[in-house]
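Welcome, and please open the model in your viewer. We will go from stop to stop, selecting a few residues each time.

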Amino acid sequence: MNYPFSLTPLPYAPESLEPSIDKETMNIHHGKHVQTYVDNLNNALKDHADYHSWSLEKLLYNLKSLPEAIQPAIRNNGGGVFNHDLFFSILTKGGSALKAGSPLSAAIEKKFGSLENLQAELKQAGLTQFGSGWAWLVSDKDGNLSVAKTPNQDTLIEQNLTPIINLDVWEHAYYLLRQNRRPEYIDNFFNVVNWEAAEANYAKHKETDYSKA
Ligand code: MN3
């Protein structure tokens, strides 16, 4: 995917994550917030034809080599597009189970002891991200997992980490249904995580190299 970027369609109906995440939140989150990131990303690149062939990952990995005038817009809006494409792709109606004995399941047990422990750590990362941002489960090249958090729409692309799942803790992700109750939103998020998609993301950890994006 390169310029002009477009909004990735939701891979399911906006109501399908109910009651964990409501239809109206999904419609506004995807159709308004993410659309705005897409539009602002394209606007920032409009007069910079040199970068029109660059993928989103390449733009984000090489952020510091871009013209200074467009760096903040690419960081915020390019990051916004990347983060949300992942986020919506790792959710599914009713959630899907982590397969016992799978490579991801084994890596989670090795690092966290159990899926419950991992979820507790992700929840803690999401709760302690002050203001807006994201909590992440990521893998390094050797398949070692870790939990991370990023402010705003920052990504972990510059660190060359493979994202497995991410959790949006911006208020726009939950405020309509849950107001200030971020812990309740995070608990509900875990009900709709698509662990099959997470497994597919984990399978890419050896080949992830954003320097070649
Ligand atoms: Mn969001």
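Where does P19 lie? Select it, and you will find P19 in the segment before α1; helices (H or I, at least four residues) and strands (E, at least two) are DSSP runs numbered from the N terminus. Before going on, note that this is a predicted model, in which local features need pLDDT of at least 70, side-chain atom pairs count only at pLDDT 80 or more, and totals for chains, interfaces and linings use all residues. Residues are numbered from 1 along each chain as its sequence is written, and side-chain values use heavy atoms, with hydrogens and water left out.

**Stop 1: two cis peptide bonds**

Stay with P19 and add E18: the peptide bond from E18 to P19 is cis, with omega near 5°. Now select Y3 and P4, which are also joined by a cis peptide bond, with omega about -10°. P4 is likewise placed in the segment before α1.

**Stop 2: the sheet**

Colour the strands next. Three of them make an open sheet in the order β2-β1-β3, with antiparallel pairing; two strands pair if DSSP finds at least two bridges between them. The edges are β2 (145–151) and β3 (162–168), each pairing on one side only. On average, neighbouring strands of this sheet are turned by 25° against each other, direction ignored. Such angles run from 0 to 180 degrees between N-to-C directions, using axes that are lines fitted to C-alpha atoms, for helices over the stretch in contact.

Zoom in on β1 (residues 133–139): seven bridges join this strand to β2, and the two run antiparallel. To see one place along them, select V138, which stands opposite S146 in β2. Then show helix α3 (residues 71–89), which lies across β1 and β3 and runs at about 90° to β3.

**Stop 3: the loops beside the strands**

Select N152 and N160, both set in the loop between β2 and β3. N152 has a positive phi near 55° in a residue other than glycine, and N160, not a glycine either, has a positive phi of about 60°. How much of N152 is accessible? Its relative accessible area is 40%, so N152 is partly exposed; on this scale buried means under 20%, exposed over 50% and partly exposed in between (1.4 Å probe, protein chains only). N160, at 21%, counts as partly exposed.

Move to the loop between β1 and β2 and pick D142. At 66% relative accessibility, D142 counts as exposed. Add H205: D142 and H205 are 63 residues apart in sequence, and their C-alpha atoms are 7.4 Å apart in space.

**Stop 4: the nonpolar core**

Which residues touch the most other members of the largest nonpolar core? Select I74, L91, L104, L145 and W195, which do so among its 63 residues. Such a core is a set of buried Ala, Val, Leu, Ile, Met, Phe, Trp, Tyr and Cys residues joined through side-chain atoms within 4.5 Å. Its largest share, seven residues, comes from helix α1 (residues 23–45).

Centre on L91 and show its contacts (heavy atoms within 4.5 Å). Leaving out residues up to four places away in sequence, L91 touches Y12, L17, I21, F189, V192, V193 and N194.

**Stop 5: aromatic rings**

The whole structure holds seven aromatic pairs. Rings of Phe, Tyr and Trp (its six-membered ring) pair if their centres lie within 6.5 Å; planes under 30 degrees apart count as stacked, over 60 as edge-to-face and the rest as tilted. Select W134 and W136: their ring centres are 6.2 Å apart and their planes are at 40°, so this pair is tilted. Both W134 and W136 are buried.

Next take Y174 and Y185, a stacked pair with 4.9 Å from centre to centre and 25° between the planes. Y174 is in the loop between β3 and α6 (175–178), while Y185 is in helix α7 (residues 182–189). Y174 is buried at 4% relative accessibility, and Y185 is buried at 2%.

**Last stop: H172**

Finish in the loop between β3 and α6, where H172 is found. H172 is buried, with a relative accessible area of 16%. Not counting residues up to four places away in sequence, H172 touches T25, H29, H33, Y37 and H84.
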